[in-house]
Amino acid sequence: MKAFAVNLPPMEPLNEKTIRASFINCSKGEASRISLPRGLAELPWEHLDFLGWRDPGAPDRGYLVAERENGYIGLSMRVPVGLRRSLLRTSICSVCLTMHGGSGVSLFAARRAGVAGREGNTVGQYLCTDLACSLYLRGKKQPVIGGRIEESLTLDELVVRARTNLEQFIDQILHGSKS
Ligand SMILES: [Zn+2]
């Protein structure tokens with residue numbers, strides 16, 4: 001069984017035009033107004049499986065852009081703000097499986113693409129609040145409180161699993177949950 005590929009290529013650096021054109025679950029108008037991460041060219045692309053960011057000017061939003069076979073898929077998501085969570089209570093990110101205490105994990109709600117989304121259908125997913133899953137996986141960033149479960153997987157295997165988890169989330173937004 002060959003469950004995992006190896007030597008996954010990192011993300012290609014993306015430019016503003018590509019990022020804005022990638023959004024599938026918001027209007028073109030909204031996509032044109034989203035505040036993009038500063039210093040796009042200087043981001044650590046070689047360590048990223050997807051581009052995720054928060055906008056300090058719009059704390060109830062989160063954004064991510066991931067590569068798919070047919071190009072890039074961008075998601076605009078809503079995040080509840082002002083929730084105070086106990087630092088002692090840990091939650092786990094459903095993409096990278098990093099555990100965080102307090103508000104280090106948030107429930108992101110993404111409107112589904114197309115008609116379903118316009119009718120108000122959303123898909124929710126627990127993700128690292130800062131959307132820095134790629135950096136936690138690689139040990140480039142540590143949770144303020146929390147950590148990673150010791151696993152006997154290689155980094156490539158962890159990356160494949162995280163990308164697969166993200167793919168499933170995106171599939172639900174594109175096509176609805178399989179039930
Ligand atoms: Zn994560």
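Strands S2 (residues 58-68) and S3 run antiparallel and are joined by 8 bridges, where strands are DSSP runs of E with at least two residues, helices are runs of H or I with at least four residues, and both are numbered from the N terminus. Two strands are taken to pair if DSSP finds at least two bridges between them. The model is a predicted one, for which local features need pLDDT of at least 70 and side-chain atom pairs count only at pLDDT 80 or more, while totals for chains, interfaces and linings use all residues. Residues are numbered from 1 along each chain as its sequence is written, and side-chain values use heavy atoms, with hydrogens and water left out. Within the S2 and S3 pair, Val65 stands opposite Gly74 in S3, and Arg61 faces Arg78 of S3. The connection from S2 to S3 is a hairpin of 2 residues.

These two strands belong to an open sheet of 5 strands, arranged in the order S1-S2-S3-S6-S7 with antiparallel pairing. S1 and S7 stand at its edges with a single partner strand each, so one side of each is left without a neighbour in the sheet. Neighbouring strands of this sheet are turned against each other by 30 degrees on average, direction ignored; axes are lines fitted to C-alpha atoms, for helices over the stretch in contact, and angles run from 0 to 180 degrees between N-to-C directions. On the other side of the hairpin pair, S3 meets strand S6 (residues 105-111) in the antiparallel sense over 2 bridges, and the bridge partner of Met77 in S6 is Ala110. Helix H5 lies across S2, S3, S6 and S7, and runs at about 105 degrees to S2.Strand S7 (residues 122-128) contains Gln125, which at 15% relative accessibility counts as buried; buried means under 20% relative accessible area, exposed means over 50%, and partly exposed lies in between (1.4 Å probe, protein chains only). When residues up to four places away in sequence are not counted, Gln125 touches Ser94, Ser106, Leu107, Phe108, Asn165 and Phe169, contact being defined as heavy atoms within 4.5 Å.

A further open sheet has 3 strands in the order S4-S5-S8, with antiparallel pairing. Its edge strands are S4 and strand S8 (146-148), each of which pairs on one side only, and the twist averages 15 degrees from one strand to the next. S4 and strand S5 (residues 98-101) run antiparallel and are joined by 3 bridges, with Ile92 standing opposite Met99 in S5. In the loop between strand S3 (71-78) and strand S4 (90-92) lies Leu87, an exposed residue with a relative accessible area of 54%. Leu87 forms a nonpolar patch on the surface with Val144 and Ile145, and together they have about 320 Å² of accessible area. Patches are made of residues with over 30% relative accessible area and no salt bridge, like charges being joined within 9 Å and nonpolar side chains (Val, Leu, Ile, Met, Phe, Trp, Tyr) within 5 Å. Accessible areas come from the Shrake-Rupley method with a 1.4 Å probe, and for residues only the protein chains shown count as cover.

Salt bridges, defined by a side-chain nitrogen of Lys or Arg within 4 Å of a carboxyl oxygen of Asp or Glu, come to a count of 10. One of them brings together the side chains of Asp49 and Arg138, at 2.8 Å from N to O. This pair links distant parts of the chain, 89 residues apart, with Asp49 in the loop between helix H2 (28-33) and strand S1 (51-55) and Arg138 in the loop between helix H4 (133-137) and S8. Asp49 is buried, at a relative accessible area of 9%, and a network of salt bridges links Asp49, Arg138 and Arg163.

Glu151 takes part in salt bridges with Arg148 and with Arg161. The closest N and O atoms are 3.9 Å apart for Arg148 and Glu151, and 2.7 Å apart for Glu151 and Arg161. Glu151 lies in the loop between S8 and helix H5 (155-175) and Arg161 in helix H5, so the pair ties together parts that are 10 residues apart in sequence. Arg148 is partly exposed, with a relative accessible area of 25%, and Glu151 is also partly exposed, with a value of 34%.
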